Amino acid sequence: MTKFKRTVRALDFWTLASYFVLFLIITPIIYILFNLFNETSEQTKTLLNSSLKEYFVNSLIIIFFTAIFTTIIGVFLAYFEAFYEFKFRKFFNFALVLPFAVPNYLFAYLYADFFSYSGWLVVWLRQNFGIKLHFDMMNIYGAIFIFTISFYPYVYIILRGFLAKFSMNLIESAKSLGKSNTCIFFRVILPLSKAAIVAGAGLCVMESLNAFGTPNYYGVHVFSTGIYKAWVGYGDINAAIKLAGILLFIVFFLMFVERIFRKPYAVTTSKQKVFKRQKLSKKAQNIVVGLFFIIFFISFLFPMINLSIWLKRSFSDVDWAHIINISANTLLLTVFSTIFIIIISLFLTTISRSQKGKTKELSNALANMGYSIPGSIIAIGMLVIFIWLDKNLSGIYHFFGINKSLFLTLSPIILIFAYVIRFLSLGYNGIEAGLNRCGKSCYEASLSLGYGRLVTFFKVDFSMIKTSIYSAFILIFIEIIKELPLSSLLSAPNFRTLAFEIDRYASDEQLAMTAVPSLIIIIFCFVLLSVFYKLQKKDKF
């Protein structure tokens, strides 16, 4: 009891406020878990019995092979980039991250069109050489290919950052024992990099479960498409909640497995000697550069060539007033949501840095939960909560002369809150990393002089973590502007986003019309990735 009283006294107003914010953030997830075991209607039973097995098997196949292929590509790229010197290495260092600028569903549309009967290369080969090329992309194997080229940068970037700090003493010790580079890779580097590899592969798996546009367009039935079909197609919110709940348990299980495999070996990764990359032989260099270029070509350059062809075809048919309106909506929504997430992240991390032990672990777990949860789950949770709010606020709406019965549900507010839940982890982890690098000495010195937490933050912390804040802003902005599952379920009829518009054109088989909104997203993401790359080099992450 004494321990409990001390804990209660330690919880000041700001700490309680941070827990209240975190509770609001996980409310949609809690709602789904509590309503998972509600009585099931006959319609819901029929829908689940006919589709649940297919959703589960397809999702399992996709995440398994996506994890394997992204790991192979990411490890290959990171290893050679980190330990060897070769032509165009600095170019590929940035170029191989560019798939982040392209939404995965756009990859799906581009490659499906290219290999279709009316694809420009297929038509050219058929008309000029009589070669009938046929390759069906629109299946589960095509979805795995799309996810692989879209998500391998997660493994590449995380592992590259880890290997940049790898202890050269370990490598030199292995070489002194007569071990070859191949042996060192498999016996030293790979085992010690396990935590970084698993972290990257885990993100690829979560992104694959979250993806909606690719499996929906390719006709692959997975949980994300099933939730959308249950809610939008059949109007069965009960089935959508149950599918979301099942997917939630799958995600929790995968997070548990990932946590087990991420346990690193107890070794230091600090470099004790000057890092020097090895030079490759001419033949090996040609092979490595060739493979690097093939990956870059498949994952970015080739899709951009196809997109430019679409742009040429559709340019004269573009409704520029409509595009400008949607772009303005998207930019306004994205910027406001990103700023809101950054403010909440700053508040939570400032409170969290004074916490210790289990309290701090709980705060970190709650703040990071949303990024591991697929957008379709968050969307369903937000829908039922906002519909409930609208029903209970109808009297207030009537008092203020608001005639819309679903005022909040059909407003951009629901999307903003959904984005906060989904992407808070990016802001929280980025800012927390910046605060950890700064240490607590200046922070505690300011508090000892009588300044409060708020004044200390603006006078001391902010100037030291500006780069971390800017970097977090960029990452959140890129993720939000590309986000489709939340947009497809929560966009208001009069407030569409670029991602929603791209999906609408694709659903109507007007693929060429997706070129302009897609290029707007890619240009924004490309510019921000360039800024992010420079910030990383300047801050020496």
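## Cavities in the model

Let's look at the empty spaces inside this protein: the structure holds 4 cavities of 30 Å³ or more. Keep in mind as you explore that this is a predicted model.

## The largest cavity

Start with the largest cavity, which has about 230 Å³ of space. Its lining is made up of 20 residues, and the ones closest to the centre are Asn104, Phe151, Glu207, Glu479 and Lys482. Try finding these five in the structure to get your bearings.

Which elements give two or more residues to this lining? They are four helices: H5 (104–114), H7 (140–163), H10 (194–210) and H22 (466–482). The largest share comes from H7, with 3 residues. Sorted by class, the lining of the largest cavity has 11 nonpolar residues, along with 4 polar and 5 charged ones.

## The second largest cavity

Next comes the second largest cavity, with about 60 Å³ of space. You can trace its lining through Ser59, Ile62, Ile63, Phe147, Ser208, Leu209, Pro215, Val222, Phe223 and Ser224.

At least two lining residues each come from helix H3 (42–83), from H10 and from helix H12 (223–233). Of the elements, H3 gives the most to this lining, with 3 residues. How many residues of each class line the second largest cavity? There are 7 nonpolar and 3 polar residues, and no charged ones.

## A helix to look for twice

Helix H10 is worth a second look. It gives two or more residues to the lining of the largest cavity, and it supplies at least two residues to the lining of the second largest cavity.

Methods:
Residues numbered from 1 in each chain as written. Predicted model: local features only at pLDDT ≥ 70, side-chain atom pairs only at ≥ 80, totals over all residues. Heavy atoms only, no water. 1 Å grid on protein atoms, 1.4 Å probe; cavity = no way out; pocket = protein on both sides within 12 Å on 5 of 7 lines; lining within 4 Å. Points joined across faces, edges and corners; volume = space filled by probe spheres on them. Nonpolar A, V, L, I, M, F, W, Y, C, P; charged D, E, K, R; others polar.
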